[in-house]
Amino acid sequence: MPAAALLVHQARYSLTYGARANAELTAQGHSYLHSLVPWTIFALGVGASMFLHRVARAARTGRTGAFTTASAFVLWSATTAALLAIYAVQEVLEELSISGHPDGMAGVFGDGGWWALPAAAVAALVVVALLRLGRVVLRLASKQGGRPLRAHGGQLRLPSSISLLAPAPLALARAGRAPPAPFA
């Protein structure tokens with residue numbers, strides 16, 4: 001959602017101003033958004049890590065966890081509304097804290113701000129598609145359900161006479177050398 005919200009904001013200005021979008025963003029006090037990009041990438045990384053953890057657990061246990069029962073349309077509608085609400089709150093907060101930002105509803109939907117609606121709808125479509133893809137991946141992983149994952153060529157077998165790790169000399173009750181001679 002953080003990435004989708006940032007995408008809606010940037011797409012609204014790109015669709016309204018085209019090549020002049022960066023100049024308009026700077027003129028209206030949106031230069032702070034560049035500092036949000038690393039945090040957005042961090043949030044994406046945390047989300048991807050949590051998803052991979054859930055996939056690994058599904059592959060290990062055979063249980064996917066709970067899925068939403070909402071239809072794709074309901075999920076898309078709710079996501080679109082949430083992205084529009086995030087956009088509107090962001091614009092109102094910018095109006096209150098940044099000089100040069102348009103006031104009132106003109107700051108939110110005026111001067112091409114209505115482009116936030118189709119941008120939010122498309123971003124929500126991508127979010128819902130990723131959620132549905134994640135559901136498919138989890139179901140496929142759960143079908144592994146406790147079976148060990150094997151490489152394509154089969155299981156790696158080592159001869160029993162080869163030891164991969166040399167034991168520590170003290171662990172074998174022989175040090176390998178005598179203690180040093182006393183210095184006289």
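Student: Let's start with Arg60: does this residue count as buried or exposed, and at what relative accessibility?

Tutor: Good place to begin, and keep in mind that this is a predicted model. Arg60 lies in helix H3. The cut-off for exposed is over 50% relative accessible area, so Arg60 counts as exposed, at 55%.

Student: How far apart are the C-alpha atoms of Arg60 and Ser142?

Tutor: Along the chain, Arg60 and Ser142 are 82 residues apart. In space, their C-alpha atoms are separated by 7.5 Å.

Student: Thanks! Stepping back, how many helices and strands does the protein have?

Tutor: Reading from the N terminus, the elements run α-α-α-α-α-α. The count therefore comes to zero strands and six helices.

Student: Of contacts between residues at least 6 apart in sequence, what percentage join residues at least 24 apart?

Tutor: A contact here is a pair with heavy atoms within 4.5 Å. Among contacts between residues at least 6 apart, the share that joins residues at least 24 apart is 77%.

Student: Now the interior: which helix supplies the largest share of the largest nonpolar core?

Tutor: That core has 13 residues, and those with the most contacts inside it include Ala4, Val8, Leu83 and Tyr87. Helix H1 (2-17), helix H4 (72-97) and helix H6 (116-142) each supply at least two of its residues. The largest share, six residues, comes from H6.

Student: Which residues does Ala123 touch, leaving out those up to four places away in sequence?

Tutor: Ala123 is one of the residues with the most contacts inside the largest core. With residues up to four places away set aside, Ala123 touches Leu83, Ala4, Leu7 and Val8.

Student: How many residues are in the other core, the one with Val55 and Ala58?

Tutor: This core lies apart from the largest one. Leu138 and Ala141 are also among its members. Its number of residues is five.

Student: And on the outside, which helix gives the most to the nonpolar surface patch?

Tutor: The patch covers about 630 Å² and is made by Phe51, Leu52, Val122, Val126, Leu130, Leu133 and Val137. Helix H3 (36-61) and H6 each supply at least two of these residues. The one that gives the most, with five residues, is H6.

Student: Is Val126 exposed or partly exposed?

Tutor: Val126 lies in helix H6 and belongs to the nonpolar patch. Partly exposed covers the range between under 20% and over 50%. With a relative accessible area of 46%, Val126 is therefore partly exposed.

Student: I like aromatic rings. What kind of pair do Phe73 and Trp76 form?

Tutor: The structure holds three aromatic pairs. Phe73 and Trp76 sit three residues apart in helix H4, about one turn of the helix. Their rings are 5.8 Å centre to centre with 40° between the planes, and the pair is tilted.

Student: Of Phe73 and Trp76, which residue counts as exposed?

Tutor: Trp76 has a relative accessible area of 28%, so this residue is partly exposed. At 59% relative accessibility, the residue that counts as exposed is Phe73.

Student: What about Trp114 and Trp115: what kind of pair do they form?

Tutor: Trp115 is partly exposed, with a relative accessible area of 27%. The rings of Trp114 and Trp115 are 4.4 Å centre to centre, with 25° between the planes. Planes under 30 degrees apart count as stacked, so this pair is stacked.

Note on methods: Residues are numbered from 1 along each chain as its sequence is written. This is a predicted model: local features need pLDDT of at least 70, side-chain atom pairs count only at pLDDT 80 or more; totals for chains, interfaces and linings use all residues. Side-chain values use heavy atoms; hydrogens and water are left out. A nonpolar core is a set of buried Ala, Val, Leu, Ile, Met, Phe, Trp, Tyr and Cys residues joined through side-chain atoms within 4.5 Å. Buried means under 20% relative accessible area, exposed over 50%, partly exposed in between (1.4 Å probe, protein chains only). Helices (H or I, at least four residues) and strands (E, at least two) are DSSP runs, numbered from the N terminus. Patches are made of residues with over 30% relative accessible area and no salt bridge: like charges are joined within 9 Å, nonpolar side chains (Val, Leu, Ile, Met, Phe, Trp, Tyr) within 5 Å. Accessible areas come from the Shrake-Rupley method with a 1.4 Å probe; for residues, only the protein chains shown count as cover. A salt bridge is a side-chain nitrogen of Lys or Arg within 4 Å of a carboxyl oxygen of Asp or Glu. Rings of Phe, Tyr and Trp (its six-membered ring) pair if their centres lie within 6.5 Å; planes under 30 degrees apart count as stacked, over 60 as edge-to-face and the rest as tilted.
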